[in-house]
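Welcome to a short tour of one protein model. Please keep the sequence and the 3D view open side by side as you read.

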Amino acid sequence: MHTTKGRLLEMMGSTDGPAADELRGRVSGSVLKPGDEGYDDARTTWNARFDSRPDVIVRCSSAVDVQSAVRFARDRDMALTVKSGGHDYAGNSAARGGLLVDLSGLKSVEIDPASMQARVAAGVTWGEFDLAAQGHGLATTGGTMSTVGVAGFTLGGGEGWLSRKHGIAADNLIGADVVTADGRVVRASAHENPDLFWGLRGGGGNFGIVTSFEYALHPVGPEVVAGQVIYPADRAQELLRFYRDHFLDAPDELQCFPFLLRIPPVPPFPEAWHGQLALDFVLAYAGPVADGEAALAPFRELGDPILDAVGPQPYLTLQQSFDVGLAKGNRWYSRAHYFDALTDDAIDTLVGHLDPFPGTFTAVYFGAGGGAVGRVDPAATAFPHRGAAHGLHVFPGWVEPAEDDAIMAWARGLHAAMAPYANGSVYVNLLAEDEPARIPAAYGGNYDRLVRLKKTWDPENLFRRNHNIEPGA
């Protein structure tokens, strides 16, 4: 729900100069219009498929700036987009006209080792957070790329290396400061606005703009056992069965993402395998190094690997391991499923639909669920996917716009082929822009409660440029 005037402004994408000048007088951060120095840098997001061109950008330097921007957009009935790390598959942080609230300048990280808690501003990336927390030998569940922002990741749930041991990011969220649709700042926690706190833990950016997050921390590292073991793709069916069976009783500390990808033409990958499709076990153990060596050994003993690069490494290195392969400026698309069980037929179907595997940076991978994630009641947070045994993510990556249609069609075809084996749900952070019909499936039995919550906190749907939960009647 939003007004006719708001729809017209969103379609027209018009904000006049005097309006931007008026906003400039209300905030301490920068206000940028097309043509201003810094505008192009501020508007650019990770996924090059989306060309963000807001009419005005507020580069916030404080929560007060966020309040001013929200009130300005609300009073003028402007389309409002929020960007933190700018890392998403659906282009939700890429503004199409209207006002872009850029949180990337909010950069404080406070670590309290005594209470094992952290307070983190909304513009912080996981690389910045981890650097501060690892100074005390601590961490919480974060993104598997250091450039991902804490905000969107956490608000969608937040699955990462530590999920099976310590729960998803939303399980570790203990408080948040939120700018609401009416421009107030409210506190959300188990004791203050608990309904809002429930919705923030997996409900996306539907209920307000979080300016700071408070997390529970855990002893992690500074060294963990991690790395990758790569085998030829012609063994994919056998190896995926091994992965599935191994995780029937794997320890919580163990996580594995079995990737299907083309081996990149760079060291340390053997030159003879460059460009070849392979099965890559990407592994980590969130526990003592000696235990990790033993836990990862079975994945290294399945025959002659193309590459075995498993060993002790800094947790910070693990958190940066995907940065190069998922670089900003490429074109990305996404399709995802959850599975209650990974059957032989599901594995055979996946392998049978890989060809032609288009896109230089394309990958398809599973991720193991269970552990601490599965021991939380599905209704305890907005994130409901507690019983899923595995997730599947199909995400092609490429460079040339001319390849868009063919590559995206391939991904949709593979996703459709796997649907009969999936449980019908999906992780909201992996939804693409062309999947609005799947939004209820991202929330399962929690969806109706989220609709009511939206009506309470954002009845006019000001925060609608997201995987939108529309307010209930």
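## A strand residue to start from

Phe-213 sits in strand β10, which covers residues 209–216. The model is a predicted one. Is Phe-213 buried or exposed? With a relative accessibility of 0%, Phe-213 counts as buried. Setting aside neighbours within four places in sequence, Phe-213 is in contact with a list of residues that includes Ala-118, Arg-119, Val-120, Leu-155 and Leu-173. Asp-434 is 221 residues away from Phe-213 along the chain, and the C-alpha atoms of the two are separated by 30 Å.

## Helices that pack on α12

Next, take a look at some helices. Two packed helices are described by the angle between their axes and the distance between the axes. Here are those values for two pairs.

| Helix pair | Angle between axes | Distance between axes |
|---|---|---|
| α12 and α13 | about 165 degrees | 9 Å |
| α9 and α12 | about 140 degrees | 10 Å |

Helix α12 spans residues 344–352 and helix α13 spans residues 404–418. Their angle of about 165 degrees makes α12 roughly antiparallel to α13. The crossing of these two helices, α12 and α13, is right-handed. Where they touch, Ala-346, Thr-349 and Leu-350 of α12 meet Leu-414, Ala-417 and Met-418 of α13. Sorted by class, the residues of this contact of α12 with α13 are five nonpolar, one polar and no charged.

What about the other pair? The angle between α9 and α12 is about 140 degrees, and the two helices are therefore oblique to each other. The crossing of α9 and α12 is right-handed. On the α9 side the contact involves Ala-236, Gln-237, Leu-240, Arg-241 and Arg-244, which meet Asp-344, Ile-347, Asp-348, Leu-350 and Val-351 of α12. This contact of α9 with α12 has five nonpolar, one polar and four charged residues.

Just along the chain, the loop between α12 and β19 (363–368) holds Pro-358. Pro-358 is buried, with a relative accessible area of 18%. Leaving out neighbours within four places in sequence, Pro-358 is in contact with Ile-407 and Trp-410. Gly-143 lies 215 residues from Pro-358 in sequence, and in space the two are 26 Å apart, C-alpha to C-alpha.

## Rings that meet

How many aromatic pairs does a search of the whole structure find? The search finds 25 of them. One is the pair of Trp-46 and Tyr-89, which is edge-to-face, with 5.4 Å from centre to centre and 90 degrees between the planes. Trp-46 lies in the loop between α3 (39–43) and β2 (56–59), while Tyr-89 lies in the loop between β3 (80–83) and β4 (99–102), so the pair ties together parts that are 43 residues apart in sequence. Trp-46 and Tyr-89 are both buried.

Phe-242 and Phe-281 offer another example: their ring centres are 6.5 Å apart and their planes are at 65 degrees, so this pair is edge-to-face. Phe-242 belongs to helix α9 (residues 236–246) and Phe-281 to strand β14 (residues 277–285), so the pair ties together parts that are 39 residues apart in sequence. Phe-242 is partly exposed, with a relative accessible area of 23%, whereas Phe-281, at 0% relative accessibility, counts as buried.

Finally, ring pairs link a set of residues into a cluster. Among its members are Trp-46, Tyr-89, Trp-161, Phe-257, Trp-332 and Phe-395.

Terms used: Residues numbered from 1 in each chain as written. Predicted model: local features only at pLDDT ≥ 70, side-chain atom pairs only at ≥ 80, totals over all residues. Heavy atoms only, no water. Axes fitted to C-alpha atoms, helices over the stretch in contact; angles between N-to-C directions. Helix = DSSP H or I, 4+ residues; strand = E, 2+ residues; numbered from the N terminus. Parallel < 35°, antiparallel > 145°, perpendicular 65-115°, else oblique. Left-handed = near helix turned anticlockwise from the far one by under 90°. Contact = heavy atoms within 4.5 Å. Nonpolar A, V, L, I, M, F, W, Y, C, P; charged D, E, K, R; others polar. Phe/Tyr/Trp six-rings, centres within 6.5 Å; stacked < 30°, edge-to-face > 60°. Buried < 20%, exposed > 50% of the residue type's maximum accessible area, 1.4 Å probe, protein only.
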